[in-house]
Amino acid sequence: MALALSLGRRGQGQVAPNPAVGCVITSGGRIVGRGWTQPGGRPHAEVMALAQAGAAARGGTAYVTLEPCAHHGQTPPCANALTKAGIAHVVSAMEDPDPRVAGRGHDMLREAGVAVEVGLMAAQAARDNAGFFLRVQSGRPWITLKLAATLDGRIATASGESQWITGPAARRVVHAQRARHDAVLVGGGTARADDPLLTVRGLGVRRQPMRVVVSAGLDLPAEGAMAASAAQVPLLLLHGCDADPGRVAAWEGKGAKCVGLARQDAGGLDVGAVMKALGDEGLTRVFCEGGGQFAAALLDAGYVDEVIGFSAGMVFGSEGRAMLGALTAGALADAPRYDLAEVRRIGPDLMHRWIRPL
């Protein structure tokens with residue numbers, strides 16, 4: 001199952017709106033088939049593993065990180081595929097909460113005479129597909145917030161100089177993290193200040209993440225890297241319903257998808273509406289790269305599920321630009337809290353990863 005989980009993680013950022021599933025088939029004490037959900041969500045992990053195993057699958061055991069599907073979609077149910085291949089035993093990490101499955105895959109297997117066990121390494125499987133579960137159950141994706149700052153929490157000098165605080169090794173890790181998510185998200189302030197491309201570079205990915213910009217007034221640079229690439233790499237612009245129709249038409253003409261959302265009383269977009277819009281796009285894992293005000297709004301609303309921080313060995317002092325805007329927490333007990341999951345040295349920098357308890 002540990003191998004199946006590691007295989008499943010290969011699909012992260014490539015398979016939305018599907019879950020990233022892994023499957024290992026054993027027979028006679030040896031592994032005869034391995035598979036994971038392929039880019040675009042098809043074929044499923046079980047089908048890939050069965051194709052590799054061939055006739056050796058008969059009488060074997062399939063270890064699957066999520067309950068095999070039970071419904072007819074673009075392909076027949078994986079539960080049927082496993083029984084037709086002669087699998088005798090299925091070990092499933094957990095039940096699929098998708099209403100189209102929700103235990104029916106396991107029931108189909110049992111009715112066909114297949115022995116079924118559920119729950120092996122369930123906690124890790126739940127972590128790996130937390131974004132898929134969030135979208136199915138709450139209508140929103142898993143949000144990973146990336147923060148890169150000096151030791152004293154600054155992202156730029158007083159004059160605005162910020163490139164580069166962290167080293168090339170840390171920046172390469174950021175590109176790898178983008179590749180493991182379905183979309184890269186920034187606020188309008190970051191888009192205006194940096195005109196970021198927000199693509200995965202240097203890693204040869206098969207599928208670029210969607211780029212998402214949240215800008216209430218849609219007052220974004222009409223020229224530059226993001227505008228020029230709107231027709232080549234998916235670009236979703238979330239803006240206020242009252243944004244200038246001319247701006248909307250101009251961006252749609254460049255190839256971007258524009259979605260109007262409700263504003264809050266303060267004028268910014270409703271963060272809950274932003275989360276719903278991301279879920280409606282089929283996104284399960286979203287990598288947020290700021291800016292400070294938008295990141296603070298996400299934290300305040302309780303939508304940040306994971307924080308990946310990079311700390312560089314320099315200090316800018318109080319006149320430097322803070323990495324986060326103001327939060328509303330007035331007491332220590334109200335501050336967002338996360339569990340430390342990982343600490344690593346990345347070149348000259350320190351990476352620390354924090355996850356909100358499930």
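Helix α12, which covers residues 292-301, lies across strands β6, β8, β9 (210-214) and β12, and its direction makes an angle of about 110° with that of β8. This is a predicted model, and the strands that α12 crosses belong to an open sheet of 9 strands with mixed pairing. The points below take up the sheet and its helices, then the positions that a UniProt record marks as a binding site, and finally the cysteines and the salt bridges.

**The sheet and the helices that lie across it**

- The 9 strands of the open sheet follow one another in the order β11-β10-β9-β8-β12-β6-β13-β16-β15, and the pairing among them is mixed.
- The edges of this sheet are formed by β11 (257-261) and β15 (339-346), each of which pairs on one side only.
- Between neighbouring strands of the sheet the average turn is 20°, with direction ignored.
- At the β11 edge, the partner strand is β10 (residues 235-240), and the two pair in the parallel sense over 5 bridges; within this pairing, L236 stands opposite K257 in β11.
- Helix α7 (residues 168-179) lies across β6 (142-150), β8 (183-187), β12 (285-288), β13 (306-312), β15 and β16 (349-355), and runs at about 165° to β13.
- Both helices therefore lie across β6, β8 and β12, since these strands are listed for α7 and also for α12.

**Positions marked as a binding site in the UniProt record**

- An unreviewed UniProt entry places the feature "binding site" at A148, W164, T190, D194, G291, G292, Q293, F294, A295, A296 and A297.
- These positions do not all gather at one spot, because they span 150 residues in sequence and their farthest two C-alpha atoms are 25.2 Å apart.
- One of the marked positions, T190, has its place in helix α8 (residues 188-194), and with a relative accessible area of 15% this residue is buried.
- Leaving aside residues up to four places away in sequence, T190 touches D195, P196, G290 and G291, and G291 is itself among the positions that the record marks.
- Another marked position, G292, belongs to helix α12 and counts as buried at 16% relative accessibility.
- With residues up to four places away in sequence again left out, the contacts of G292 are M323, L324 and G325.

**Cysteines**

- The count of disulfides in the model comes to 0, and for C241 the nearest cysteine sulfur, that of C258, is 12 Å away.
- Seen from C258, the closest cysteine sulfur is that of C241 at 12 Å, which is too far for a bond, given that a disulfide requires the two sulfur atoms to be within 2.5 Å.
- The two residues also differ in their surroundings, in that C241 is exposed with a relative accessible area of 60%, whereas C258 counts as buried at 14% relative accessibility.

**Salt bridges**

- The structure holds 14 salt bridges, and the pairs described here are some of them.
- R100 forms a salt bridge with D98, with their closest N and O atoms 2.8 Å apart; R100 counts as partly exposed at 47% relative accessibility, while D98 counts as buried at 8%.
- R263 forms a salt bridge with D242, the closest N and O atoms being 2.9 Å apart, and this pair links distant parts of the chain, since R263 is in the loop between β11 and α11 (271-280) and D242, 21 residues apart from it, is in the loop between β10 and α10 (245-254).
- Of these two partners, R263 counts as partly exposed at 35% relative accessibility, and D242 counts as exposed at 54%.
- R356 forms a salt bridge with D305, where the closest N and O atoms are 2.7 Å apart; here too the pair links distant parts of the chain, with R356 in the segment after β16 and D305 in the loop between α12 and β13, 51 residues apart.
- R356 is partly exposed, having a relative accessible area of 25%, whereas its partner D305 counts as buried at 3% relative accessibility.
- Beyond these pairs, E306, E342, R344 and R353 are joined into one network by salt bridges that share partners.

Key: Residues are numbered from 1 along each chain as its sequence is written. This is a predicted model: local features need pLDDT of at least 70, side-chain atom pairs count only at pLDDT 80 or more; totals for chains, interfaces and linings use all residues. Side-chain values use heavy atoms; hydrogens and water are left out. Two strands pair if DSSP finds at least two bridges between them. Helices (H or I, at least four residues) and strands (E, at least two) are DSSP runs, numbered from the N terminus. Axes are lines fitted to C-alpha atoms, for helices over the stretch in contact, and angles run from 0 to 180 degrees between N-to-C directions. Contact means heavy atoms within 4.5 Å. Buried means under 20% relative accessible area, exposed over 50%, partly exposed in between (1.4 Å probe, protein chains only). UniProt positions are given in the numbering used here, feature names are shortened, and annotations may be inferred rather than shown by experiment. A salt bridge is a side-chain nitrogen of Lys or Arg within 4 Å of a carboxyl oxygen of Asp or Glu.
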